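Thanks for coming, everyone. I was asked to walk the group through one model, and I will take it slowly for those who are new to reading structures.

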Amino acid sequence: MMRDQAETMFTEDHRLGDIVVKFPQAGDIFKRYHIDFCCGGDQPLSEAIAEHSIDGSSLLKELNERYREAVRQGIEITDWSKASMEQLIHHIVNRHHAYLNKVFPPMSELTAKILRVHGENHGQVLSQVHRLFSQLRTDMEQHMIAEEQSVFLQIIDYEQIRTPGKLGAVIAAVEKLDQEHEATGDIVKMMRKVTDNYALPEDACATYAYVFEKLEELETDIFQHIHLENNILFNRLLNERLLPSE
């Protein structure tokens, strides 16, 4: 649980992933600025500010004020960096995998529906949305199966009985998953780009608006999902590789 001291301050030198590990609400702030804190978690905040031409002082002010307010209010936030790897894996599967498995089927139907209904006027955008979403679903379903049936089980086994051989095998597996995360992040960001940040046309019906709302919700969940894996779970394993042998 988060019980950090109010005087703790974030600076432009902090890495994006480390900020969100310490203060998960920072993810909402970064998302609003279109800052990739999951796949780009190793990037210093200063680089993200320069890349997106952001007013760094305003961003830091908001980030630190929101953090101090959370501390003052005593907001309880699970610090997944302190949980066991097995606990974090169960959270990822039960929260994020379950969410994707629930939303993928109806959203596949809805992205096809709005393409059929509004394709005449907005086909260029909606055909890309349909194609990108279909690719995202295919990639993520295969990715999650690999995690649940193989890699996550390897990690849990390694955490119970640590050996250099097990660690090497797990790291090789998570490095492949990390590459897949990069591809997923690219698809999600491309969907935002082709929709002009999910802007609705004047003739958008309720279904059109609902689909764009759910796609933004999906983006938020995927960013948090990948953040937990890349910046906490995988980093922990990579850091263990650097520890001296006993």
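I will go through the nonpolar cores, then a pair of helices, then the salt bridges, and I will end on a single residue.

Please keep in mind throughout that what you see is a predicted model, not an experimental one.

Let us begin on the inside. The largest nonpolar core is made of 48 residues, and the ones with the most contacts inside it are Phe30, Leu45, Leu63, Leu215 and Leu218. At least two residues of this core come from each of helix 1 (16-22), helix 2 (26-32), helix 3 (45-51), helix 4 (56-73), helix 5 (85-160), helix 6 (164-194) and helix 7 (206-241). Which helix gives the largest share of this core? That is helix 5, which supplies 14 residues.

If you would like one residue to look at on the screen, take Phe30, which touches Leu16, Ile19, Val20, Ile35, Phe37, Leu45 and Leu63, once residues up to four places away in sequence are left out. There is also a second core, separate from the one I have just described, with 23 residues, and it includes Phe152, Tyr158, Val170 and Phe234.

Now to the pair of helices. Helix 5 and helix 7 pack at an angle of about 30°, and their axes are 15 Å apart. Angles under 35 degrees count as roughly parallel, and helix 5 and helix 7 are therefore roughly parallel to each other. When the residues in the contact of helix 5 with helix 7 are sorted by class, there are 30 nonpolar, ten polar and nine charged residues.

That brings me to charge. As a general point, side chains of opposite charge can pair when their charged atoms come close. In this model the count comes to 16 salt bridges, and I would like to show you three of them.

In one, Asp36 pairs with Lys189, and their closest N and O atoms are 3.0 Å apart. Because Asp36 sits in the loop between helix 2 and helix 3 while Lys189 sits in helix 6, this pair ties together parts that are 153 residues apart in sequence. Are these two partners buried or exposed? Asp36 has a relative accessibility of 13%, so it counts as buried, whereas Lys189, with a relative accessible area of 37%, is partly exposed.

Another salt bridge joins Lys166 to Asp157, with the closest N and O atoms 3.1 Å apart. Here Lys166 counts as partly exposed at 24% relative accessibility, and Asp157 is partly exposed as well, with a relative accessible area of 35%.

The remaining example is the salt bridge in which the side chains of Glu240 and Arg162 meet at 3.0 Å, N to O. This pair links distant parts of the chain, since Glu240 is in helix 7 and Arg162 is in the loop between helix 5 and helix 6, 78 residues apart. Glu240 counts as buried at 15% relative accessibility, while Arg162 is partly exposed, with a relative accessible area of 45%. Beyond such pairs, Lys31, Arg192, Glu216 and Glu219 are joined into one network by salt bridges that share partners.

Finally, let me turn to Glu47, which has its place in helix 3. Its relative accessible area is 45%, so Glu47 is partly exposed. The C-alpha atom of Glu47 is separated by 26 Å from that of Val174, a residue 127 places away along the chain.

Thank you, and I am happy to go back to any part of the picture.

How values were computed. Residues are numbered from 1 along each chain as its sequence is written. This is a predicted model: local features need pLDDT of at least 70, side-chain atom pairs count only at pLDDT 80 or more; totals for chains, interfaces and linings use all residues. Side-chain values use heavy atoms; hydrogens and water are left out. A nonpolar core is a set of buried Ala, Val, Leu, Ile, Met, Phe, Trp, Tyr and Cys residues joined through side-chain atoms within 4.5 Å. Buried means under 20% relative accessible area, exposed over 50%, partly exposed in between (1.4 Å probe, protein chains only). Helices (H or I, at least four residues) and strands (E, at least two) are DSSP runs, numbered from the N terminus. Contact means heavy atoms within 4.5 Å. Axes are lines fitted to C-alpha atoms, for helices over the stretch in contact, and angles run from 0 to 180 degrees between N-to-C directions. Angles under 35 degrees count as roughly parallel, over 145 as roughly antiparallel, 65 to 115 as roughly perpendicular and the rest as oblique. Ala, Val, Leu, Ile, Met, Phe, Trp, Tyr, Cys and Pro count as nonpolar, Asp, Glu, Lys and Arg as charged, and the others, Gly among them, as polar. A salt bridge is a side-chain nitrogen of Lys or Arg within 4 Å of a carboxyl oxygen of Asp or Glu.
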